[in-house]
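Take a moment with the sequence and the fold below. Then follow the strands, one helix and a few side chains in turn.

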Amino acid sequence: MTLAPPSPAGTAMDALAALVADGDVVVLSGAGLSTDSGIPDYRGVTGSLRRHTPMTYQTFTRDPRGRHRYWARSFVGWRQIREAQPNDGHRAVAALQAAALLGGVITQNVDGLHQAGGASDVVELHGGLDRTVCLGCGDVADRAGLDDRLRAVNPDFGPRVEEINPDGDAELPDELLDGFVMVDCLACGGGPLKPDVVFFGETVPRDRVDGCFARVEGAGSLLVLGSSLTVMSGYRFVLHAAKLGIPVAIVNVGPTRGDAKADVRVDAPLGEVLPALAARLCG
């Protein structure tokens, strides 16, 4: 564990505990929090960006073939996302929240594991894979219903895959894709359907961003968990907190873009740090 910049508390863990013990902490979480649940991150040591180019909003909306490829892969990958269980890190966040030390949670993740782990007041900055939205009529629907319909028209399409991505997109050979059948929107009979998540190249809704800025402004501190902060989507909240003089703590394995802004920096696995922190502060 390392501390940057130096803290008079003595160790990074002591400094982190002291900061969280003051309460009014807003959490900003990233994909690194879900790796212990079997969902890979994008930029870590085993990150999917090392082997896979994620779907972009431009490709999804403009290229029917690319969109078909995404849904074929997502049809398979969704099963692993759906079956993933919250890990000790998610449960520790919920425990700290139950102890009234944490306020709301802003998550960059789309897997719903914070809520499954017992957390409340969670803002899904990039949306959730458990919903779909029709780009034609705007209807928002439950992903489970779509999965049932896709299974009905693709009874034999379901190759086993070893790798999925954080957006639920599985790795499949191109030669299998033509055998996949997509369905239309139930509300309007058209589409196209899109998972209710923010793709690369897509803009997070302004009201959602403004709400997250407001949370940060009202926080006693900002705690970043498992995010490299490489993209501005999350990094802007660290910049905002630092500008306002709100303490920032970062727990992540490996360097992050926000390290220079951190008052406390713990470089260690979340699955070790967060349960230890919860045990220390929640009795």
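**A walk through the predicted model**

Start with one pair of facing residues: valine 133 stands opposite lysine 194, which belongs to strand 6. Keep in mind that this is a predicted model. Valine 133 sits in strand 4, which covers residues 127-134. Strands 4 and 6 run antiparallel and are joined by four bridges.

Now widen the view. The sheet here is open and has three strands, in the order 5-4-6, with antiparallel pairing. Strand 5 (140-142) and strand 6 (193-197) stand at the edges. Each has a single partner strand, so one side of each is left without a neighbour in the sheet. From one strand to the next, the twist averages 45 degrees. Strands of a sheet pair through backbone hydrogen bonds, either parallel or antiparallel.

Next comes a helix. Helix 3, residues 64-83, lies across strand 4 and strand 6. Helix 3 runs at about 145 degrees to strand 4.

Helix 3 also carries aromatic rings. How many aromatic pairs does a search of the whole structure find? The search finds eight. One of them joins tyrosine 70 and phenylalanine 199 edge-to-face, at 5.4 Å centre to centre and with 70 degrees between the planes. Tyrosine 70 lies in helix 3, while phenylalanine 199 lies in the loop between strand 6 and helix 7 (206-217). The pair therefore ties together parts that are 129 residues apart in sequence. Tyrosine 70 and phenylalanine 199 are both buried.

A second pair brings phenylalanine 75 together with phenylalanine 180. This pair is tilted: 5.7 Å centre to centre, 40 degrees between the planes. Phenylalanine 75 is in helix 3, and phenylalanine 180 is in the loop between helix 6 and strand 6, so parts 105 residues apart in sequence are tied together. Phenylalanine 75 and phenylalanine 180 are buried too. Ring pairs also make a cluster of Phe60, Tyr70, Trp71 and Phe199.

Stay with the loop between helix 6 (143-153) and strand 6, where asparagine 154 has its place. Is asparagine 154 buried or exposed? Asparagine 154 counts as buried, because its relative accessibility is 5%. The side chain of asparagine 154 reaches the backbone nitrogen of valine 181 at 2.7 Å. Beyond residues up to four places away in sequence, asparagine 154 touches Phe75, Gly179, Phe180 and Val181. Phe75 and Phe180 are the aromatic pair described above.

Move to strand 1, residues 25-29. Strand 1 is mostly covered, with five of its five residues buried. In a regular strand the side chains alternate between the two faces of the sheet. In strand 1, Val25, Val27 and Ser29 point one way, and Val26 and Leu28 point the other way.

Strand 1 has partners as well. Strand 1 pairs with strand 2 (residues 102-107) in the parallel sense, over four bridges. Strand 1 also pairs with strand 7 (residues 221-225) in the parallel sense, over five bridges. Leucine 28 shows both pairings. In strand 2 its bridge partner is isoleucine 106. In strand 7, leucine 28 stands opposite valine 224.

Finish with the cysteines. The structure holds zero disulfides. Why is there no bond for cysteine 137? The closest cysteine sulfur, in cysteine 134, is 3.8 Å from the sulfur of cysteine 137, which is too far for a bond. Cysteine 137 counts as partly exposed, at 40% relative accessibility. Cysteine 282 also counts as partly exposed, at 33%.

Note on methods: Residues numbered from 1 in each chain as written. Predicted model: local features only at pLDDT ≥ 70, side-chain atom pairs only at ≥ 80, totals over all residues. Heavy atoms only, no water. Pairing = 2+ DSSP bridges. Helix = DSSP H or I, 4+ residues; strand = E, 2+ residues; numbered from the N terminus. Axes fitted to C-alpha atoms, helices over the stretch in contact; angles between N-to-C directions. Contact = heavy atoms within 4.5 Å. Buried < 20%, exposed > 50% of the residue type's maximum accessible area, 1.4 Å probe, protein only. Polar contact = N/O pair within 3.5 Å; in protein donor to acceptor, adjacent residues only side chain to side chain. Disulfide = S-S within 2.5 Å. Phe/Tyr/Trp six-rings, centres within 6.5 Å; stacked < 30°, edge-to-face > 60°.
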